[in-house]
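Colleague: I have this model open on my screen and would like a close look at one part of it. Could you walk me through the charged pairs, one by one, and then show me how they sit in the rest of the fold?

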Amino acid sequence: YISEGFTLIQGYGLTETSSAISVDERNNIKIGSSGKLLENVEVKIENKDKNGIGEIFVKSDNVFPCKDEWFDTGDLGKLEDGKVFVLGRTKDVIVLENGKKVFPQELEEMINKIRGVKESLVYGDKLNSGKIIISAKIVADESSKDYVENQVMLFSQELETYKQIRNIYYVDKIEK
């Protein structure tokens with residue numbers, strides 16, 4: 001992205017990796033990606049779901065020493081065409097009773113694009129029966145709430161059944 005003389009590129013790294021793991025290539029940017037793996041950096045995705053999303057592990061000379069060769073980043077993502085897509089944190093994933101995984105960040109990004117939404121929080125709501133359903137807390141303009149609810153239900157219907165948002169709660173503030 002070029003703006004007023006500055007070129008901005010996206011990358012991905014952690015303190016423990018002593019810098020970047022991947023960086024966007026100026027002429028080969030893929031939306032949603034944190035870029036191509038740097039030279040001498042290896043990434044593997046463990047415990048993948050059917051969409052190839054799993055836990056990101058990295059191996060390189062610049063990685064903080066750990067017990068085995070691979071460093072667990074604590075992030076969830078996928079590799080696609082040599083590019084890294086970071087999609088959330090392993091601690092934030094919602095694991096349903098059937099073992100299926102829901103990534104809240106993915107749904108929050110969709111909700112946050114809706115006109116009138118200020119912020120959202122998607123979480124697993126455990127029912128008395130033990131079943132977990134996907135719910136959302138949303139901070140929205142008072143005048144937009146009907147529109148927001150309609151939009152959430154519309155995009156939710158397009159998702160796999162287990163990912164569909166079943167409850168919406170409007171709140172004044174998200175407390176995490």
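Modeller: Happy to. Start with Asp 75 and Arg 89, whose side chains meet in a salt bridge with an N to O distance of 2.7 Å. This is a predicted model, so please read every value here as computed from it. The pair links distant parts of the chain, since Asp 75 belongs to strand S8 (residues 71–80) and Arg 89 to strand S9 (residues 83–89), 14 residues apart. Is each partner buried or partly exposed? Asp 75 has a relative accessibility of 7%, and because buried means under 20%, Asp 75 counts as buried. Arg 89, at 34%, counts as partly exposed.

In general, side chains of opposite charge can pair when their charged atoms come close. The structure holds 12 salt bridges, and two others are worth a visit.

One of them joins Glu 25 to Lys 36, with the closest N and O atoms 3.7 Å apart. Glu 25 lies in the loop between strand S4 (19–23) and strand S5 (36–37), while Lys 36 lies in strand S5, so this salt bridge ties together parts that are 11 residues apart in sequence. Both residues are partly exposed: Glu 25 has 26% relative accessibility, and Lys 36 has a relative accessible area of 40%.

The other joins Lys 118 to Asp 141, where the closest N and O atoms are 3.5 Å apart. Lys 118 is in strand S12 and Asp 141 is in the loop between S13 and H2, so the pair ties together parts that are 23 residues apart in sequence. Lys 118 counts as exposed, at 58% relative accessibility, whereas Asp 141 counts as partly exposed, at 30%. Salt bridges can also share partners, and in this way Glu 25, Lys 36 and Lys 83 are joined into one network.

For the charges overall, the protein has 25 positive and 31 negative ones, and the mean positions of these two groups are 3 Å apart.

Now stay with the two loops you have just met, as each holds a serine to look at. Ser 34 is found in the loop between S4 and S5, the loop that also holds Glu 25. Unlike the partly exposed Glu 25, Ser 34 is buried, with a relative accessible area of 4%. Which residues does Ser 34 touch, leaving aside those up to four places away in sequence? They are Gln 10, Gly 11, Tyr 12, Ser 22, Val 23, Asp 24, Val 84 and Val 86. If you want a distance to check on your screen, the C-alpha atoms of Ser 34 and Gly 13 are 9.3 Å apart in space, and these two residues are 21 apart in sequence.

Ser 144 is found in the loop between S13 and H2, where Asp 141 also lies. Ser 144 counts as buried, at 7% relative accessibility. Leaving aside residues up to four places away in sequence, Ser 144 touches Arg 115 and Gly 116.

Next, the nonpolar side of the picture. The largest nonpolar core has 19 residues, and those with the most contacts inside it are Leu 107, Ile 111, Ile 134, Ile 138, Val 152, Phe 155 and Ile 165. Two or more residues each come from helix H1 (104–112), strand S12 (117–126), strand S13 (132–140), helix H2 (145–157) and strand S14 (165–170). S13 gives the most, with four residues. There is also a second, separate core of 11 residues, which includes Leu 14, Val 43, Phe 71 and Val 84; Val 84 is also one of the residues that Ser 34 touches.

For a closer view of the largest core, pick Leu 107: not counting residues up to four places away in sequence, Leu 107 touches Val 102, Val 122, Ile 134, Phe 155, Leu 159, Lys 163 and Ile 165.

Finally, zoom out. The protein has two helices and 14 strands, and its C-alpha atoms fill a box of roughly 50 × 45 × 30 Å along the principal axes. Buried residues make up 37% of the 176 residues. Among contacts between residues at least 6 apart in sequence, 45% join residues at least 24 apart. The protein exposes about 11100 Å², of which carbon and sulfur atoms supply 46%.

Note on methods:
Residues are numbered from 1 along each chain as its sequence is written. This is a predicted model: local features need pLDDT of at least 70, side-chain atom pairs count only at pLDDT 80 or more; totals for chains, interfaces and linings use all residues. Side-chain values use heavy atoms; hydrogens and water are left out. A nonpolar core is a set of buried Ala, Val, Leu, Ile, Met, Phe, Trp, Tyr and Cys residues joined through side-chain atoms within 4.5 Å. Buried means under 20% relative accessible area, exposed over 50%, partly exposed in between (1.4 Å probe, protein chains only). Contact means heavy atoms within 4.5 Å. Accessible areas come from the Shrake-Rupley method with a 1.4 Å probe; for residues, only the protein chains shown count as cover. Lys and Arg count as positive and Asp and Glu as negative; His and the chain ends are not counted. The place of a charge is taken as NZ of Lys, CZ of Arg, CG of Asp or CD of Glu. A salt bridge is a side-chain nitrogen of Lys or Arg within 4 Å of a carboxyl oxygen of Asp or Glu.
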